[in-house]
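Here is a short briefing on one protein chain. Please keep the structure open while reading.

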Amino acid sequence: MLANRNEGRAPDGLPYRVLTLTNQRGMQIQVTDWGATWLSCKVPVKNELREVLIGCQLEDYPVQQAYLGATVGRFANRIANSKFELNGKQVHLSTNQGLHQLHGGVKGFDKRRWNILKEGDDFVRFSLISVDGEEGFMGNVEVLVTYFLTEDNAVEIHFDAISDQDTPLNLTNHAYFNLENATGGSDVRQHRLQINASHYLPVDCQGIPNAPLKSLANTSFDFTQGKSIAQDFLQEEQQIVKGYDHSFLLHHIPQQECATLSAPDNSLRLQIFTSQPALQVYTGNFLGGTPKRDGSEYADYAGIALETQALPDTPNHPEWWQYGGISKVNERYQHWTVFKFI
């Protein structure tokens, strides 16, 4: 079932369009055309609806700096020194994190009004045009993002794009999950996490990759068997970024989830399936001060972002292009992620 309404006033002076999808089991999600943002996700648990997404009041979305639930692009994650070389040409991008570019720059896809292209009882499809030169990127890019709510309590997000020039392209959703208490923001480090991955990517204090992919074996980054996030927290290289904020190179096994997040009491689990090559795990290390829906503020570690995407800084690492992140002219970019609640 679909319901939609106009609410408030966005930075462009027009109201936000808020769309609500509800399935037969009572699960409910809300999305908005500002940033093609996933606002809310309420899952039936023990005869009540439990909010599992960190979120804020609608008018706070354009000013909060945590990318809450946003569609991120043109390139998710970081590009070192806001520059790269492609086809023999040096490209300079806008900067928004010191010398670097984060999540598409000063006015990335999260800060844009998307067009509602199509809507139905179980889906909403948004579209956006990113023009040549925007935030320094080359090529005109047409982007589609579709949210589906299934009857088995899964949210599917499909990304579809095409460019008229070779260009970096790496799209993701930046939802933060807390399966125990997303409204209040309980400490997410008590959750249990399992990741089907073989390697992770070391980074410096600004989140820039500073070494080749590294085996998970015998490190605090090994979640292959599942463990509480707190178990090996702030060990080894985590210390320089206040926790986990690292990319994991995934095993791609058909029909198998790439990651599973479980509430501390195991009352709810989230399985993630994806076509993407990597998963950025960010434990909300700097969420402190982010506004809540009731107007108060979240603390650090109140939610975990599990962002399916290509590896960070791929434009500066041709050895990683095999994993995606660089789109060829007129070659369709298509990726999907499924968040299934059980």
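A residue counts as buried when its relative accessible area is under 20%. By that cut-off, six of the six residues of strand E26 (residues 304-309) are buried, so the strand is largely enclosed by the rest of the structure. The model is predicted. The points below cover E26, an open sheet, the nonpolar cores and two buried polar residues.

**Strand E26 and its partners**

- Ile304, Leu306 and Thr308 point one way from E26, and Ala305, Glu307 and Gln309 point the other way. Both sets are buried.
- Strand E25 (residues 278-282) runs antiparallel to E26, and five bridges join them.
- Within that pairing, Leu279 stands opposite Thr308.
- Strand E17 (residues 176-177) also pairs with E26 in the antiparallel sense, over two bridges.
- Here Tyr176 faces Ala305, standing opposite that residue of E26.

**An open five-stranded sheet**

- Strands of a sheet pair through backbone hydrogen bonds, either parallel or antiparallel.
- One open sheet has five strands in the order E1-E2-E3-E4-E5, and its pairing is antiparallel.
- Strand E1 (2-7) and strand E5 (48-51) stand at the edges. Each has a single partner strand, so one side of each is left without a neighbour in the sheet.
- From one strand to the next, the twist averages 20°.
- Strand E3 (residues 28-32) and strand E4 (residues 37-45) run antiparallel and are joined by five bridges.
- Thr32 stands opposite Thr37 in E4.

**Nonpolar cores**

- The largest nonpolar core has 60 residues. Trp38, Phe177, Ile195 and Phe341 have the most contacts inside it.
- Strand E13 (residues 141-149) gives this core its largest share, five residues.
- A second, separate core has 18 residues, including Ala10, Trp34, Ala66 and Ala182.
- Which residues does Trp38 touch, not counting those up to four places away in sequence? Among them are Ile29, Val31, Leu53, Tyr147, Val155, Ile157, Phe177 and Phe339. Gln30, Gly69, Asn173 and Ala175 are also touched by Trp38.

**Asp166, a buried loop residue**

- Asp166 lies in the loop between strand E14 (154-163) and strand E15 (167-168).
- Is Asp166 buried or exposed? Its relative accessible area is 16%, under the 20% cut-off, so Asp166 is buried.
- Two contacts involve its side chain. One is a polar contact of 3.0 Å with the side chain of Asn87. In the other, the Asp166 side chain reaches the backbone nitrogen of Val329 at 2.8 Å.
- Asp166 and Ser327 are 161 residues apart along the chain, yet their C-alpha atoms are separated by 5.6 Å.
- Leaving aside neighbours within four places in sequence, Asp166 is in contact with Leu86, Asn87, Met138, Ser327, Lys328 and Val329.

**Ser262, a buried strand residue**

- Ser262 sits in strand E23 (residues 259-262).
- The relative accessible area of Ser262 is 8%, so this residue is buried under the same 20% cut-off.
- Which residues are in contact with Ser262, leaving aside its neighbours within four places in sequence? They are Leu179, His191, Arg192, Leu268 and Arg269.

Notes: Residues numbered from 1 in each chain as written. Predicted model: local features only at pLDDT ≥ 70, side-chain atom pairs only at ≥ 80, totals over all residues. Heavy atoms only, no water. Helix = DSSP H or I, 4+ residues; strand = E, 2+ residues; numbered from the N terminus. Buried < 20%, exposed > 50% of the residue type's maximum accessible area, 1.4 Å probe, protein only. Contact = heavy atoms within 4.5 Å. Polar contact = N/O pair within 3.5 Å; in protein donor to acceptor, adjacent residues only side chain to side chain. Pairing = 2+ DSSP bridges. Axes fitted to C-alpha atoms, helices over the stretch in contact; angles between N-to-C directions. Core = buried A, V, L, I, M, F, W, Y, C linked by side-chain atoms within 4.5 Å.
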